[in-house]
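Please go through the predicted model below and justify the terms used for it, setting each value against its criterion.

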Amino acid sequence: DLTGKVVAISGATGGLGIVLCEYLVKLNANLILLNRSEQKTNELTNELKSINNNCNIEFIKVDMQDFESVKNAVYISSIEGLSDDNGVWNVDKAKTN
């Protein structure tokens with residue numbers, strides 16, 4: 001049981017991140033989702049709330065390719081767990097939305 005515990009997850013809107021979020025809300029964890037896409041995060045939040053509406057889910061917009069974005073996100077007050085589920089590919093650098 002993770003009631004009252006806060007877990008921050010980057011890359012939560014895809015693959016392993018989604019599965020981890022679903023598992024954690026079943027254990028009553030509160031989540032901080034560190035993602036680029038607000039739309040995908042809102043869709044995931046709705047799905048997670050349908051599993052457990054008692055969990056607190058917060059969104060912080062972070063682009064891991066933008067150092068300022070990452071730096072601003074590290075000032076999270078208090079967490080008990082952190083999962084970095086971002087994928088990395090060797091591709092040409094491009095700005096994403």
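Q: What makes strand 2 and strand 3 a pair, and in which sense do they run?
A: Strand 2 and strand 3 (residues 57-61) are joined over 5 bridges in the parallel sense, and since at least two bridges are required, they therefore count as paired. One of the bridge partners is Ile 60 in strand 3, which belongs to Leu 34. Between these strands the chain passes through helix 2 (residues 38-51), in a β-α-β crossover that is right-handed.

Q: How do you know that strand 1 pairs with strand 2?
A: DSSP has to find at least two bridges, and strand 1 (residues 6-10) shares 5 bridges with strand 2, in the parallel sense, so the pairing holds. Val 6 has Asn 30 of strand 2 opposite. The β-α-β crossover from strand 1 to strand 2 goes through helix 1 (residues 16-26) and is right-handed.

Q: Why is Ile 32 called buried?
A: Ile 32, a residue of strand 2, has a relative accessible area of 6%; because the cut-off for buried is under 20%, Ile 32 is classed as buried. In sequence Ile 32 is 20 residues from Ala 12, while their C-alpha atoms are 9.4 Å apart in space.

Q: What makes strand 2 mostly covered, and which residues lie on each of its faces?
A: In strand 2 (residues 30-35), 6 of the 6 residues are buried. Asn 30, Ile 32 and Leu 34 lie on one side, with Leu 31, Leu 33 and Asn 35 on the other, and as all of these are buried, both faces are covered.

How values were computed: Residues are numbered from 1 along each chain as its sequence is written. This is a predicted model: local features need pLDDT of at least 70, side-chain atom pairs count only at pLDDT 80 or more; totals for chains, interfaces and linings use all residues. Side-chain values use heavy atoms; hydrogens and water are left out. Buried means under 20% relative accessible area, exposed over 50%, partly exposed in between (1.4 Å probe, protein chains only). Helices (H or I, at least four residues) and strands (E, at least two) are DSSP runs, numbered from the N terminus. A crossover is right-handed if, with the strands pointing away from the viewer, the path from the first strand over the helix to the second runs clockwise.
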